[in-house]
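Visitor: I should like to go through this structure and hear the grounds for each label attached to it. Please begin with the strands and then turn to the annotated positions.

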Amino acid sequence: SPPVATATSTTEEQVFELKKANGVQTPAKAVDSVVVEDYAGNYKFAPIEEAEVSRAMIKRYFTTMYERAVSDVVIVGAGSAGLSCAYHLAKTRPDLKITILEANVAPGGGAWLGGQLMSAMVVRKPADRFLAELGVPFEDEGAFVVVKHAALFTSTILSKVLAFPNVVLMNATAVEDLIVREDFQGKQRVGGVVTNWTLVALNHDTQSCMDPNTITAPVIVSATGHDGPMGAFSAKRLVSSGLLKELGNMRGLDMNRAEPAIVNGTREVTPGLIMTGMELSEHDGSNRMGPTFGAMMASGIKAAHEAIRILDS
Ligand code: AHZ
């Protein structure tokens, strides 16, 4: 049956007529004459049909999937390292199609809290410069600075990254595998990622084969964090696919060794694949630093430099 318009005034009925004449899009002028922002009990929304809402989302989601099936850089994991990489890369190179894939519904990884479920975030100098660039306020304690809540960093960087027109984030989307090709010399090169909606990826054992999707890109940045239910994904896959002999395995906590090791070690670990953040500690066997986040930011920035170097070479 045709949708019933719940119009409450002649003007709203006119809007529905206009909508019929113009497809589903409500003309902006007609909307202006209907809406009322009155918090004293007469707040009125523009009329809408449910299908418009569905189409508004579907059109964008699948256009994004279609366009980003070929990307310039895919960043796997939207934790502090992945987001720092995305920010620097998008800002420096607005010409690049940057696609971020995050397995979780909520992007941000481990950077919504500082340590042991406490909120303050510690960042060692000189990584405070990145906070200043983002406009995140902090207290200076000498060798390090403190952001009053880690969520202030994460929400700020997320909002800035998502505002770049060349960045898309597909959350609830897991990387299940890597595309590995042979170049003309017969050398193995990572050339893309194999994806699935995370809820599908989590159910491979309960259903018959549910094949994945793919995104190709000349550069993949893996930022999937240290080992955990989803973590260290690419490092582990490099081992199981024979591209890496064995995992280094993350070593015990030592802030002074861990932070420079991660930043300075951020690199193209195998052709086409840059590794950043704590995933690198699993790959290289370097120490963890625990609740101090400067290395994640600086490693993300270095991963962006590496991506540009590869793309320009
Ligand atoms: O959901 C993961 C998280 O948001 C996501 N991720 C993992 N595997 C994925 C996959 N496909 C898509 N296969 C995937 N996404 O990657 C993100 C990793 O974020 P993170 O905060 O865990 O890692 P990071 O390296 O950006 O920051 C780590 C910060 C530190 S240091 C530390 C310690 O020393 O103990 N602990 C943490 C959390």
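**Strands and annotated positions**

Guide: In this predicted model, three strands form an open sheet in the order β7-β8-β9, and their pairing is antiparallel.

Visitor: What makes β7 and β9 the edge strands?

Guide: β7 (173-182) and β9 (213-216) each pair on one side only. From one strand to the next, the twist averages 35°.

Visitor: How do you know that β8 and β9 pair?

Guide: Pairing requires at least two bridges. Strand β8 (residues 188-197) and β9 have four bridges in the antiparallel sense, so the criterion is met. G192 stands opposite T216 in β9.

Visitor: Which residues does UniProt list under "binding site"?

Guide: The unreviewed UniProt entry lists A81, E102, A103, G110, V175, D211, H226, M278, R288, M289 and G290. These positions span 210 residues of sequence and are also spread in space, with up to 37.6 Å between C-alpha atoms.

Visitor: Why is A81 called buried?

Guide: The cut-off for a buried residue is 20 or more C-beta neighbours within 10 Å. A81 has 36, and therefore counts as buried. A81 is found in helix α4 (residues 80-92). Beyond four places in sequence, its contacts are A223, T276, G277, M296, S299 and G300.

Visitor: Why does H226 count as partly exposed?

Guide: H226 has 17 C-beta neighbours inside 10 Å. Partly exposed residues fall between the limits of 12 or fewer for exposed and 20 or more for buried, so H226 counts as partly exposed. H226 is found in the loop between β10 (219-222) and α8 (233-240). Not counting residues up to four places away in sequence, H226 touches residues including M278 and R288, both of which also appear in the UniProt list.

Technical notes. Residues numbered from 1 in each chain as written. Predicted model: local features only at pLDDT ≥ 70, side-chain atom pairs only at ≥ 80, totals over all residues. Helix = DSSP H or I, 4+ residues; strand = E, 2+ residues; numbered from the N terminus. Axes fitted to C-alpha atoms, helices over the stretch in contact; angles between N-to-C directions. UniProt positions renumbered as here; feature names shortened; annotations may be inferred. Contact = placed C-beta atoms within 7 Å.
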